[in-house]
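Grab a coffee and work through a few exercises on the structure below. Try each task by yourself before reading the solution.

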Amino acid sequence: MHEPVVTTTPADLSVWPASATEPRPGDLAVGGVPLAEVADRFGTPVYVLDENEVRERCRTYRHAFPDAEVLYAAKAFLCRAMVHWAEEEGLGLDVCSAGELELAVTTGFPPERIVLHGNAKSPRDLETALRLGVGRIVIDSPSEIARLAAAVGPDGHQKVMVRVVPGISAGGHEKIRTGTDDQKFGLPIADGYAQHAIARILDQPQLRLTGLHCHLGSQITSVKPFLAAVRRVVGLMARLYEQHGLVLPELDLGGGHGIAYRPGEAALDLTALARRVRAELSDACTAAGLPVPRLIIEPGRAVVGPAGIAVYRVLAVKKTGDHTFVAVDGGMSDNPRPALYGVRYAPRLIGRAGAAPTAPVTVVGRHCEAGDVLAADVELPSDVRPGDLLAVPVAGAYHLSMASGYNLVGRPPVTAVRDGHVRLLVRRESLDDIRRRDVGL
């Protein structure tokens, strides 16, 4: 066990977990555990999750939205420990596949507190959801209505929601904006498509429509798009009441709450979001003559992202023209986000203090792609060398969950730190794991 180290958190650790300390220059500890020690014990690359940071972020959401239902978006990162933490902290779950659903339920999570999403649910997804008794299924396309009703059967009942598209562009990159009419998710409000689908659902006695769902995108740092979404969705609720006498008890505003990946970047103000969304929802419903529905929100990245760190070992340093490339033992197979939509990180040398001034370098991965870049034009000590350790903060979301088998490198392990202890949550994917899946010759 390590004695907790109490030090002042420097400004350049602002995007690290609250427990991050620098007991000596160049050393970095999280949850009371030196990151260099985690790397030595479990190898690299390795993911480190600060359990207390995850739990505290769950509590922050519960306190900011005391009257709402908070669902953790499992797509950001899921393992059995994460399921357990979310349940203990009073969150529900938002899952997108039979795999995520089964992992949660077999871990002991109550299925009635789970919502199943997906723009193209497979027969197995729906069968698993019904067999396990999932709380709600979000209908994303008209073709799902008849399929789901048939799967439920004439004597069964299933709570459903409808994902609508409010026609609002929000998010940090065009590839993660999902509130506009020109992408694959949901049913547009503007052209009446959503209303038509809802009328079809009301004709299915097996399906109980409990509310509307919308998700605007990811990495949203302004409150305004959420307020616009509230107005447009409540407008649809008012039309449904006029046409069908329908009063829906739930409104799901999705997630997409933006976080800072580098010091100085903007993040969504959660307190302002909660206050202003509550007021906007109340005013819009009063104007429409409707009771205020129960709010549901689905944070994922904002819960687990800032709690995670990726630790790599430097394999090579190469100077090419005016550029210095620092190559590490991971890359796009364990973090495809920079290659997919240009995300920028702030890696840090750990395990020793740099003895030279900083200089701009590009941190690259080990894979056979020119686009395998983890961090472009970042400042690191100019004496960085093979064998050094680099730690990347804000690595808890959409890293391991989007990891691939490229170059058959194997996915990294996940560890958890808390109160001076470190433990393994997900073991490293081995070459034996990869070989066992290959059954042909």
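**Exercise 1. Sort out the two sides of helix 1.**

Start with the far side: on it, Asp 40 and Arg 41 of helix 1 are exposed. Keep in mind that this is a predicted model. Next, list the buried residues of helix 1, which spans residues 35-42: Leu 35, Ala 36, Val 38, Ala 39 and Phe 42. These cover an arc of only 160 degrees around the axis, so they sit on the same side of helix 1. The general rule behind this pattern: an α-helix has 3.6 residues a turn, so residues three or four places apart point the same way.

**Exercise 2. Walk off the end of helix 1 and look for unusual backbone geometry.**

Step one: helix 1 is followed by Gly 43, with a positive phi near 80 degrees. Step two: check the peptide bond from Thr 44 to Pro 45, and you'll find it is cis, with omega near -10 degrees. Step three: place Pro 45, which is in the loop between helix 1 and strand 3 (46-50). As a reminder, most peptide bonds are trans.

**Exercise 3. Track down Gln 219 and Tyr 398, and say what their phi values look like.**

Take Gln 219 to begin with: its phi is positive, about 60 degrees, although it is not a glycine. Gln 219 belongs to the loop between strand 10 (207-213) and helix 8, and it is buried because its relative accessible area is 16%, under the 20% cut-off. Now Tyr 398: here too phi is positive, near 60 degrees, in a residue other than glycine. Tyr 398 is found in the loop between strand 18 (389-393) and strand 19 (414-418), and its 12% relative accessibility makes it count as buried.

**Exercise 4. Work out how strand 14 is paired, and what Thr 324 does there.**

Begin with strand 13 (residues 308-320), which runs antiparallel to strand 14 and is joined to it by six bridges. The two strands form a hairpin with two residues between them, and Gly 321 in the turn has a positive phi of about 60 degrees. Thr 320 stands opposite His 323 of strand 14. Then turn to strand 16 (residues 358-364): it pairs with strand 14 in the parallel sense, over three bridges, and Val 363 in strand 16 is the bridge partner of Val 326.

Finally, zoom in on Thr 324, which lies in strand 14 (residues 323-328). With a relative accessible area of 15%, Thr 324 is buried. Its side chain makes a polar contact with the side chain of Lys 319, at 3.3 Å. Not counting residues up to four places away in sequence, Thr 324 touches residues including Val 317, Pro 360 and Val 361.

**Exercise 5. Is Gln 158 buried or exposed, and what does its side chain reach?**

Locate Gln 158 in strand 8 (residues 158-165). Gln 158 has 6% relative accessibility, so it counts as buried. Its side chain reaches the backbone oxygen of Gly 135 at 3.5 Å. Beyond its neighbours within four places in sequence, Gln 158 has contacts that include Leu 130, Ile 137, Val 152 and Leu 207.

**Exercise 6. Map the nonpolar cores.**

The largest core has 136 residues, and Phe 65, Tyr 72 and Leu 212 have the most contacts inside it. Helix 8 (residues 224-244) gives the most to this core, with eleven residues. A second, separate core has five residues, among them Leu 71, Val 115, Val 138 and Met 161. To finish, check Tyr 72: leaving aside neighbours within four places in sequence, its contacts include Phe 77, Met 82, Leu 91, Pro 299 and Val 303.

Conventions. Residues numbered from 1 in each chain as written. Predicted model: local features only at pLDDT ≥ 70, side-chain atom pairs only at ≥ 80, totals over all residues. Heavy atoms only, no water. Buried < 20%, exposed > 50% of the residue type's maximum accessible area, 1.4 Å probe, protein only. Helix = DSSP H or I, 4+ residues; strand = E, 2+ residues; numbered from the N terminus. Arc of directions from axis to C-beta. Polar contact = N/O pair within 3.5 Å; in protein donor to acceptor, adjacent residues only side chain to side chain. Contact = heavy atoms within 4.5 Å. Core = buried A, V, L, I, M, F, W, Y, C linked by side-chain atoms within 4.5 Å. Pairing = 2+ DSSP bridges.
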